[in-house]
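I sat down with this model today and kept a short notebook of what I looked up. Have a look at it first, and then follow my entries.

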Amino acid sequence: MAKVEKLPLDQAWKNWDACLNGDDPNSIFQQITIMIWDTSIFRIILAARQAQVKKNPQEPEINDALHSFIDRNYFQSQSVCVRRLIDTSSGITGEYGIFSLGALIKDLKDYRQELTREKYLDLRNLPFDYAEIRKKEMEFIKKQPYGKGSFWIPLELDWERIEEAHETFDKLSGKSPTTRQADDVINEHVFDILKDKLDTCKKIKMYVDKFIAHSSTPESRSIQNYKSTAITFKRLRDAHQAIFEVANFLSIILFSEEHMALAIENPTFFNFWDKPLIENGEFDLIKNSFENYRKETEAWRSDGFEDIWRAIEV
């Protein structure tokens with residue numbers, strides 16, 4: 001794989017924002033939103049299923065094939081989404097660039113020496129020193145008519161957001177207000193903490209590699225204890241939480257943008273949940289659809305064999 005040329009820091013900063021918060025369908029929070037949203041729908045289905053089981057524990061009125069299909073596709077799609085979000089197989093730029101937390105953290109670490117405190121504030125369009133701004137804010141306040149009530153401080157006079165950015169970088173660099181310097185950099189320990197948090201997802205990645213992305217052989221699976229990687233609802237929930245928390249942390253410290261894990265639902269979201277897919281008297285629709293597909297696949301068996309022979313004999 002060709003080595004990707006390192007970009008200037010200001011361009012890398014824009015790439016980090018696009019990777020995390022961009023409108024591209026593959027940006028990190030676009031992926032997280034779908035992942036969490038789909039889980040909310042699966043939880044509704046699960047709650048409805050459990051309610052049916054409680055009504056008749058011995059013979060619940062639930063179609064096994066339908067619910068097995070729902071479960072299988074939910075767990076597989078969620079597992080793949082988790083794997084994508086922690087992927088470290090490439091960087092976020094270049095021909096093989098990927099949008100993932102793994103790639104983003106690696107890229108941030110690669111720019112650790114360039115991303116000084118001074119550059120951090122500059123990239124956020126904030127001055128390093130806010131003493132003069134604080135003085136101007138006080139002058140602005142004194143000019144306001146007495147007894148006027150509340151008033152807005154202009155954004156350009158808001159020195160507190162600059163101090164908050166300094167305090168954030170203090171925590172990232174392990175410094176204090178009395179020891180902070182313009183050339184402070186982020187402590188490597190920060191990246192280790194983020195990586196360790198994402199390691200919660202490692203077994204899901206192993207499962208995807210062995211059973212979904214690739215059809216591993218028994219020999220391949222025997223090298224690792226693959227049975228320990230079985231996907232459970234708790235394992236997915238823990239992965240969701242770790243991924244969201246890391247992504248939200250990065251979005252806040254870099255771009256001051258906080259996210260909701262579960263998006264606000266559309267007003268029509270709860271419409272027709274109480275309506276069955278098939279009404280009484282429409283059962284033939286199910287059987288006809290199934291049998292029509294059987295006829296289609298039978299043609300593969302009867303005609304396909306001869307088609308290949310004919311191709312060989314030409």
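**Entry 1: aromatic pairs**

I searched the whole structure and found 19 aromatic pairs. For this, rings of Phe, Tyr and Trp (its six-membered ring) pair if their centres lie within 6.5 Å, and planes under 30 degrees apart are stacked, over 60 edge-to-face and the rest tilted. The model is a predicted one, where local features need pLDDT of at least 70, side-chain atom pairs count only at pLDDT 80 or more, and totals for chains, interfaces and linings use all residues. Residues are numbered from 1 along each chain as its sequence is written, and side-chain values use heavy atoms, with hydrogens and water left out.

I picked out Trp13 and Tyr120, an edge-to-face pair at 6.4 Å centre to centre with 80 degrees between the planes. This pair links distant parts of the chain, as Trp13 is in helix α1 and Tyr120 in helix α5 (residues 117-123), 107 residues apart. Helices here (H or I, at least four residues) are DSSP runs, numbered from the N terminus, as strands would be (E, at least two).

Are these two rings buried or exposed? Trp13 is buried, with a relative accessible area of 8%, and Tyr120 is buried too, at 1%. My cut-offs are under 20% relative accessible area for buried, over 50% for exposed, and partly exposed in between (1.4 Å probe, protein chains only).

Next I noted Tyr293 and Trp300, also edge-to-face, with 6.4 Å between centres and 85 degrees between planes. Here Tyr293 is partly exposed at 48% relative accessible area, while Trp300 is exposed at 54%.

I also followed the ring pairs outward: they join Trp13, Trp16, Tyr111, Tyr120, Phe169 and Phe255 into a cluster.

**Entry 2: charges over rings**

Tyr111 came up again, with Lys6 lying over its face at 4.6 Å from the ring centre. I found the charged end of Arg134 over the ring of Trp159, 4.0 Å from the centre. To count, NZ of Lys or CZ of Arg must be within 6 Å of the ring centre and within 35 degrees of the ring normal.

**Entry 3: pockets**

I turned to empty space. The largest pocket has a volume of about 1,100 Å³. Of its 23 lining residues, Asn63, Leu66, His67, Pro276 and Leu277 are the closest to the centre. The elements that give two or more residues to this lining are α2 (28-55), α3 (64-86) and α12 (283-313). By class, I have 16 nonpolar, 3 polar and 4 charged residues there.

On a 1 Å grid over the protein atoms alone, a pocket is an open set of points with protein on both sides within 12 Å along at least five of seven lines, a cavity is a set where a 1.4 Å probe fits but cannot get out, and lining residues have an atom within 4 Å of a point. Grid points are joined across faces, edges and corners, and a volume is the space filled by probe spheres set on the points. Ala, Val, Leu, Ile, Met, Phe, Trp, Tyr, Cys and Pro count as nonpolar, Asp, Glu, Lys and Arg as charged, and the others, Gly among them, as polar.

The second largest pocket has a volume of about 440 Å³. Val4, Gly91, Thr93, Lys106 and Asp107 lie nearest its centre, out of 23 lining residues. Which helix gives the most to this lining? I found that α4 does, with 4 residues. The lining divides into 9 nonpolar, 7 polar and 7 charged residues.

**Entry 4: the cavity**

I found 1 cavity of 30 Å³ or more, and its volume is about 50 Å³. Among the residues lining it are Leu108, Ile186, Phe191 and Leu254. Both α8 (188-198) and α11 supply at least two lining residues. The lining has 10 nonpolar, no polar and no charged residues.

**Entry 5: backbone notes**

I checked the length of helix α11 (residues 233-255): at 1.5 Å a residue, its 23 residues should span 33 Å (1.5 Å times one less than the number of residues). The end C-alpha atoms are 32 Å apart, which agrees. Just after α11, Ser256 takes a positive phi of about 55 degrees.

Asn125, not a glycine, has a positive phi of about 60 degrees. It lies in the loop between α5 and α6 (131-143) and is exposed at 68% relative accessibility. Phe272 has a positive phi too, near 65 degrees. I placed Phe272 in the loop between α11 and α12, exposed at 63%.
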